[in-house]
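Me: Could you take me through one part of this model in some detail? I'd like to look at the surroundings of the ligand.

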Amino acid sequence: MNSSHTSDIELLAMFLVKGVAMELYLTPKPGLVDLNDCGSHHDLSLATMERSIHIIADYLDQLCRSLAAGEEFARQAAIGRRAEQAMLADLGTNTHKGYLFLSGLLLVAAWHAPSADEQSFRERIAALAGEFFAARGEQVTHGQQQRALHGAGGIVREVMNGLPALFDEAVPAYLAALEIHGHPKIASFAMLARLMQTVDDTTTLHRCGSMGLSRIRRDGRQIERLIAMGEDCEPFLHRLNREYIRMNLTMGGVADMLGLSYCYLLACGCLLGFPERHPPFERKNGHGNPSEGFSGAA
Ligand SMILES: CC(C)(COP(=O)(O)OP(=O)(O)OC[C@H]1O[C@@H](n2cnc3c(N)ncnc32)[C@H](O[C@H]2O[C@H](COP(=O)(O)OP(=O)(O)OP(=O)(O)O)[C@@H](O)[C@H]2O)[C@@H]1O)[C@@H](O)C(=O)NCCC(=O)NCCS
Ligand SMILES: Nc1ncnc2[nH]cnc12
């Protein structure tokens, strides 16, 4: 592999770190840790989440080195498992367990994607996920319990299908809202609203069952409606936060997909609706159209 491919992947790792930080700082986010409070997570704080982001940065750095050294996927999966254990040991909680997995898979897929189009990148994510779960076998986790109990998809179906919540839902919602309202924060809430309606979040199911998931979907629709009517959705988000805390309701999977979607927007140079900088990957049409812009091609 050439050195420009290595620096592309390092740039993507940096966007993955920035993306998860942008998710953390987006405020208000009902039930989740943000600048105002720790939502429904008594075991978390802003400082813990920031320490967790440092662990993610170290982990992605190790993955970049492993990829550049030509090591095989089994080695990167082992680095991921070790990082997951380090997170739990250092912080005493799972914090970004889902994001560790999602960001690692995205980075490895970007390294190996055979051509510069989004479709082959998505196919590569799905293929790697298939390989990963075939080798790993079933484990007893909250997610596995909810998949068995509710037939939910969780993070497993999300990656096996090549991240539809990111490519088909979050990013189009962000870009459409940015075009109409011209404001990244409103576009961020539109992206959050779309993910609330579409992510099959096993953390929500684990805490509050299918009623919890229905509640988050309904609230996502209402946020979308408020934005479409040109109204300020923040008072509604604050109210939801109070209700979610009372119900112990959360949406960790939505949060992780939000961070990943910010990474994608950054990597395509589309966060402000126009290319901010040269993206780490080929952009075919030069207009920041992410459907043609993000890929792991060398
Ligand atoms: C593949 C693994 C990630 C295991 O997945 P599984 O679903 O079997 O296990 P879970 O322990 O439930 O963790 C999955 C985490 O994924 C997030 N998530 C859930 N639904 C979705 C979804 N539809 N799409 C995307 N992501 C989703 C979610 O993470 C976030 O929530 C976390 C808080 O969760 P948890 O601790 O369960 O919740 P609490 O209620 O707070 O717990 P208690 O306090 O009550 O105990 C937070 O961490 C967010 O990140 C799910 O938690 C994986 O473990 C694995 O195999 N890893 C291998 C190592 C690796 O990463 N390798 C790299 C490959 S290159
Ligand atoms: N902001 C957040 N709050 C709680 N859990 C999360 N997992 C990922 N981001 C999170």
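Reply: Sure, and keep in mind that this is a predicted model. Start with the helices: H3 (73-91), H4 (97-112), H5 (118-136), H6 (142-150), H7 (154-160), H10 (202-228) and H12 (252-268) each put at least two residues into the shell around ligand 1. H4 gives the largest share of that shell, with 6 residues.

Now the residues themselves. There are 37 around ligand 1, and those that come nearest are Thr95, Lys97, Thr141, Arg207 and Asp256. By character, the shell splits into 16 polar, 11 nonpolar and 10 charged residues.

A few polar contacts are worth picking out. Asp256 is one of the nearest residues, and an N or O atom in its side chain sits 2.5 Å from an oxygen atom of ligand 1. With His142 the side chain is involved too: one of its N or O atoms is 3.0 Å from a ligand 1 oxygen. Asp200 uses its backbone instead, with an N or O atom there lying 2.8 Å from a nitrogen atom of ligand 1. As for how covered the ligand is, ligand 1 exposes 1,200 Å² when taken alone, and the protein buries 91% of that.

Back to H4, the top contributor to the shell, to see how it packs against H1 (residues 3-25). The axes of H1 and H4 are 10 Å apart and meet at an angle of about 160 degrees. Angles over 145 degrees count as roughly antiparallel, so that is how H1 and H4 run relative to each other. The crossing of H1 past H4 is right-handed.

Key
Residues numbered from 1 in each chain as written. Chains lettered and ligands numbered in written order. Predicted model: local features only at pLDDT ≥ 70, side-chain atom pairs only at ≥ 80, totals over all residues. Heavy atoms only, no water. Near = heavy atom within 4 Å. Polar contact = N/O pair within 3.5 Å; in protein donor to acceptor, adjacent residues only side chain to side chain. Areas by Shrake-Rupley, 256 points an atom, 1.4 Å probe, with all protein chains shown as cover. Helix = DSSP H or I, 4+ residues; strand = E, 2+ residues; numbered from the N terminus. Nonpolar A, V, L, I, M, F, W, Y, C, P; charged D, E, K, R; others polar. Axes fitted to C-alpha atoms, helices over the stretch in contact; angles between N-to-C directions. Parallel < 35°, antiparallel > 145°, perpendicular 65-115°, else oblique. Left-handed = near helix turned anticlockwise from the far one by under 90°.
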